[in-house]
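Visitor: Please pick one part of this model and look at it closely, atom pairs included. Then work outward from it to the rest of the structure.

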Amino acid sequence: MIDLIVLGVETSCDETSVSVVKNGKEVLSNVVLSQIDIHKAYGGVVPEIASREHVKGITYVFDQAIQKSGIQYEDIDLIAVTEGPGLIGSLLIGVNAAKTISLNYNIPIIGVHHITGHIYANNIEHEMQFPLLALVVSGGHTELILMKEHYHFQKLGETQDDAVGEAYDKVARVLGLPYPGGPQVDKLSAIGHDIYHFPRPMIDSGDFNFSFSGLKSHVINLHHNLEQRKETYKAEDFCRSFQEAVTDVLVAKTKNALKAYDVKQVIVAGGVAANRGLRAKMLSEITSVPVYFPHIQYCTDNAAMIAVSGTFKYQKQKHADDYYLNGSSRLDLNRGE
Amino acid sequence: MKNAFKRLVIDTATPYLYLSLIIGDIEVGSVYQEGDHNHSVTIIPMLSALLEENDLQLKDLDQIIVGIGPGSYTGVRIGVSIAKMIGYLNQVEVYTISSLILLASSSNHQRMIPYVDARRGNAFMSLIEQRENTLFVVEDDVLMNATEFIRKSGDDAILIKSGKPKIEKILSSNVFKRVENIHDLVPNYLQITEAERHLRSS
Ligand SMILES: [Zn+2]
């Protein structure tokens, strides 16, 4: 087998990342320049600031990634770049930097859907085996996806309103926890108790869809009432109660899907895949097939996952994109399938 | 021709995409095309075609000149990112220029206000004079109320909103700044973001 060396580029939100991956599995380098500390002061990502930071750091990140990989630009077989979805101003920096390398060295380039990157992050440590069920949980997505083979995404269900990560961030903000809120809620959960027994929305709906805005409002209202009545409460109990409700739903829906579809493995993808509460519950409650999570460093946005996804996309569709490739803030998962 | 000095000029800060390829002192090819929200789609295909027509590759270039704004934030970042990557990949020297001076070079008037709309009555502007085909900056790039700046600049200053840059004029003027460390190259936005302003004033 001839090695396929892929350069991944990811700038869809607030991390500038470049990575070199061999054969869709072996990460030779994965450099992530995070802007979290910059956006912290604003309680969330400011798009214009994110774009400015991407331009500032772009060549430095490329340089670090190439140096650490031990290869040279000339050795690269394919460039894989996130084309969407994401912040458009941010996406355009990565797309144009990637196109410039493509033109400079005459290397084929391929656009990658950000969420496929999160899914394919799993292949780095555990080879994906089909059919598989992917639970995608992030700040922008909550989806159950059936994959019958590489680069085939069949959406079984999705959130009808808020993404799970979005609900986490909102709850964290109400409790006054620092940005980014998700990991904070997870951390506090570990020492709290489920004393509020929040509703488990749509848990018995019989389909594979989700809804988190009602639960989010429920948590916010209770918090508001307690404050009004000047009653004391523990943030960790709020976090634990919320987290139990969310993870119960995620696990139950995944189990429903396992009843309906015969798969070889379950993979969890996206930023919320780093959530310890979710990891523990998925592993303890789903035992019929193996459940895999990406390593923590590949749960948050990174270019290695984009390189892996690009590798399989290229092998599947057998052609690259042309120089008209552009960034797109909204993008369908099955584009170019 | 083969050993002649090869320059590429890039500007994406205005609604027009501008590319110019200069070999020796001769502009051998150029692009000046309107397309407000399309620079990101078209610039690399256009650049690729421009190089191909002249049997050149990016690696053959000796110098990059890039317009760093002021102008459209999203627009200027595209050209700057590309110039930055070319400079970094090939260790080629990069010079910056005001996108407003490029704009002014299109005109033959003596006193000019190159103008890029910034909404709410504001614009990116400067005051440029030309004498014997050479450009001089009288008032540096600003972002402010357009009416006010125009009034202040006198009746003889002509507003320039579009026009293909005249590169010979640019090259004979002292209007470039050399980029010492390519990793430091960023656009000239002229102002901090709204979010930063709010944070500072709160
Ligand atoms: Zn992501």
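**A hairpin and its surroundings**

Guide: Strands β7(A) and β8(A) make a hairpin in which six residues separate the two strands, and A:Y151, in the turn, has a positive phi of about 55 degrees. The model is predicted. β7 of chain A covers residues 142–147 and β8 of chain A covers residues 154–158; the two run antiparallel and are joined by four bridges. Across the hairpin, A:L144 is placed opposite A:G157 of β8(A).

β8(A) also takes part in a salt bridge: its residue A:E158 meets A:K155 side chain to side chain, with 3.3 Å from N to O. In general, side chains of opposite charge can pair when their charged atoms come close. A:K155 has a relative accessibility of 39% and is therefore partly exposed. A:E158, at a relative accessible area of 31%, is partly exposed too.

A:L135 leads from the hairpin to what lies around it. A:L135 belongs to strand β6 of chain A, residues 132–137. Its C-alpha is 9.8 Å from that of A:G157, and the two are 22 residues apart in sequence. A:L135 has a relative accessible area of 0%, so it is buried; the cut-off for that label is under 20%. Apart from neighbours within four places in sequence, A:L135 contacts two residues named E143 and L144 in chain A, A:E143 and A:L144, as well as A:F210, A:L250, A:T254, A:I267, A:V268, A:A269 and A:M282.

Charged pairs come next. One of them is A:K253 with A:D207, a salt bridge whose closest N and O atoms are 3.3 Å apart. This pair links distant parts of the chain, 46 residues apart: A:K253 sits in helix α8 (residues 235–260) of chain A, and A:D207 in the loop between α6 (181–189) and α7 (213–228) of chain A. The burial of the two partners is as follows: A:K253 is buried at 0% relative accessibility, while A:D207 is partly exposed with a relative accessible area of 27%.

Helix α8 of chain A supplies a partner to another pair as well. The side chains of A:D248 and A:K281 form a salt bridge with an N to O distance of 2.7 Å. A:D248 is in helix α8 of chain A and A:K281 is in helix α9 (residues 276–285) of chain A, so the pair links distant parts of the chain, 33 residues apart. A:D248 counts as partly exposed because its relative accessibility is 23%. A:K281 counts as buried, at 11% relative accessibility. Salt bridges with shared partners connect these two residues to A:D194, A:R200, A:R240 and A:E244 in one network. Over all chains, a search of the whole structure finds 22 salt bridges.

On the scale of the chain, chain A is divided into domain 1 (5–120 + 299–317) and domain 2 (129–293). The C-alpha centres of the two domains of chain A lie 27 Å apart. Their contact takes 19 residues from domain 1 of chain A and 21 residues from domain 2 of chain A.

Chain A also holds a zinc site. The zinc ion has the protein donors A:H114 (NE2), A:H118 (NE2) and A:D301 (OD), at 2.0 to 2.1 Å. Along the chain these donors follow the spacing H-x3-H-x182-D. The pair of A:H118 and A:D301 links distant parts of the chain, 183 residues apart: A:H118 is in helix α4 (residues 114–120) of chain A, and A:D301 in the loop between β10 (291–292) and α10 (303–317) of chain A. A:H118 is buried at 3% relative accessibility, and A:D301 is buried with a relative accessible area of 14%.

Chain B offers another case of strand pairing. There, an open sheet of four strands has the order β8-β7-β6-β9, with mixed pairing. β8 (134–145) and β9 (158–160) of chain B stand at the edges; each has a single partner strand, so one side of each lacks a neighbour in the sheet. Neighbouring strands of this sheet are turned by 25 degrees against each other on average, direction ignored. Strand β7 (residues 122–131) of chain B pairs with β8(B) in the antiparallel sense over nine bridges. B:A123 has B:M144 as its bridge partner in β8(B). Helix α4 (residues 146–153) of chain B packs on the sheet and touches β6 (111–117), β7, β8 and β9 of chain B; its direction makes about 145 degrees with that of β8(B).

Conventions
Residues are numbered from 1 along each chain as its sequence is written. Chains are lettered from A and ligands numbered from 1 in the order in which they are written. This is a predicted model: local features need pLDDT of at least 70, side-chain atom pairs count only at pLDDT 80 or more; totals for chains, interfaces and linings use all residues. Side-chain values use heavy atoms; hydrogens and water are left out. Donors are N, O and S atoms within 2.8 Å of the metal (3.2 Å for Na, K and Ca); water is not among the atoms, so sites may look incomplete. Buried means under 20% relative accessible area, exposed over 50%, partly exposed in between (1.4 Å probe, protein chains only). Two strands pair if DSSP finds at least two bridges between them. Axes are lines fitted to C-alpha atoms, for helices over the stretch in contact, and angles run from 0 to 180 degrees between N-to-C directions. Contact means heavy atoms within 4.5 Å. A salt bridge is a side-chain nitrogen of Lys or Arg within 4 Å of a carboxyl oxygen of Asp or Glu. Domain bounds come from an automatic or database domain assignment.
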